[in-house]
Amino acid sequence: MAITPADNEVFYREVDEELRREQMAEFGKRYGLAIIIGVILLIAAIGAGFYWVHHKNVVAGERGEVLTKALEDVQAGQIKEAQPALDTLIAEGGDGYRAAALLTKADIAVQQGKDAEAAAGYKAVAEDTGFAQPYRDLALVRQTAVEFDTLAPDAVVARLKPLAVAGNPWFGSAGEMVAIAHMKQGKPQLAAPIFAALAKDQTVPQSIRARAIQMAGALGVDAVQGSEATGEKAPAKEVTE
C-alpha cells in the first residue's frame, strides 16, 4: 500500500520525537549527575545566603539592644555598668556600633573632666576612614569643642570650615566655633556673616541661634529675620576691623 504525504508527515514526526528521546536519555546519562549536583549546590547556596542574612539581622538586633542598654546606663549615671557593654561593641561590633561606642566613651570622659582622654577618643573616630562620614564629622566637631580653648584660631578654622556651611548638619556647632575663631583672629568681617546665617537658620539649635543673634547685631549685621523667629531684637552697629 502506498504511503500518502500525510502518512509521511506522521512517520517523520514520530521518528523525530524518538530521536529526541534518545538524545535526552543520552544527555541524562552523560550529565545527569552533574546537573543534580549543580541543583543541590545552588539550593544550598541560596539557603546559606538566607541564613547569613538572617544571622546578620539577629546579631545586629542583639548589638542594638546592647548599645541601647549601655546608653540607658550612661544616662542613669551607671557608668561602670555601661563600660563592659561599650568595650564589647568596640571589639566585636560592626562599624556603626563601634563608632557609637567610641563616641559614647569619649562623651563619658568629657563628663568626668578627662578632656585629653575625650579628645583622643573623638580623634580616633574622626580619623578612621572605615567609619561613615557623619560619625567622623560629629567626632571632629566634638574633638574641636573639647580642645577649643587650647587651639589656635587658625587650627579651628582649618578643621571646621568645611562643616561651617549652611545646610550642613553640623553648621550650628561648627559655624559658631569658626565665627568665634575669626573674632579671635581679629577678623570680624568674616565672623559677622556666619553669625547672621546662624541667626536666620531655623535648623540650628535655639541656644546657638540666640547667641548668634546677639553677636550678629553687635557686629552690625542685619539679623532681624532671626530675631523675629526668637522674639529677640538685635541692635545695629557697624563692623569694625
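**Helix packing around α4 and α7**

The buried residues of α4 pack against α3 (95–111) and α5 (133–147), where helices are DSSP runs of H or I of at least four residues, numbered from the N terminus, and contact means heavy atoms within 4.5 Å. The model is a predicted one, in which local features need pLDDT of at least 70, side-chain atom pairs count only at pLDDT 80 or more, and totals for chains, interfaces and linings use all residues. Residues are numbered from 1 along each chain as its sequence is written, and side-chain values use heavy atoms, with hydrogens and water left out.

In α4, the buried residues (under 20% relative accessible area, 1.4 Å probe, protein chains only) are Ala 118, Ala 119, Gly 121, Tyr 122, Val 125 and Ala 126. Seen down the axis of α4, these fall within an arc of 160°, so they line one face of the helix; the arc is that of the directions from the helix axis to the C-beta atoms.

Helix α6 (residues 153–160) and α7 have axes, lines fitted to C-alpha atoms over the stretch in contact, that come within 9 Å and cross at roughly 150°. The two helices α6 and α7 are therefore roughly antiparallel, a term for angles over 145 degrees between N-to-C directions, on a scale from 0 to 180. Their contact joins Pro 153, Val 156, Val 157 and Leu 160 of α6 to Ala 174, Met 177, Val 178, Ala 181, His 182 and Lys 184 of α7.

Helix α7 (residues 171–184) also packs with helix α9 (residues 206–218), at an angle of about 30° and with the axes 11 Å apart, which makes α7 roughly parallel to α9 (under 35 degrees). Here Gly 172, Ser 173, Glu 176 and Met 183 in α7 meet Ile 208, Arg 211 and Met 215 in α9.

Methods
Buried means under 20% relative accessible area, exposed over 50%, partly exposed in between (1.4 Å probe, protein chains only). Angles under 35 degrees count as roughly parallel, over 145 as roughly antiparallel, 65 to 115 as roughly perpendicular and the rest as oblique.
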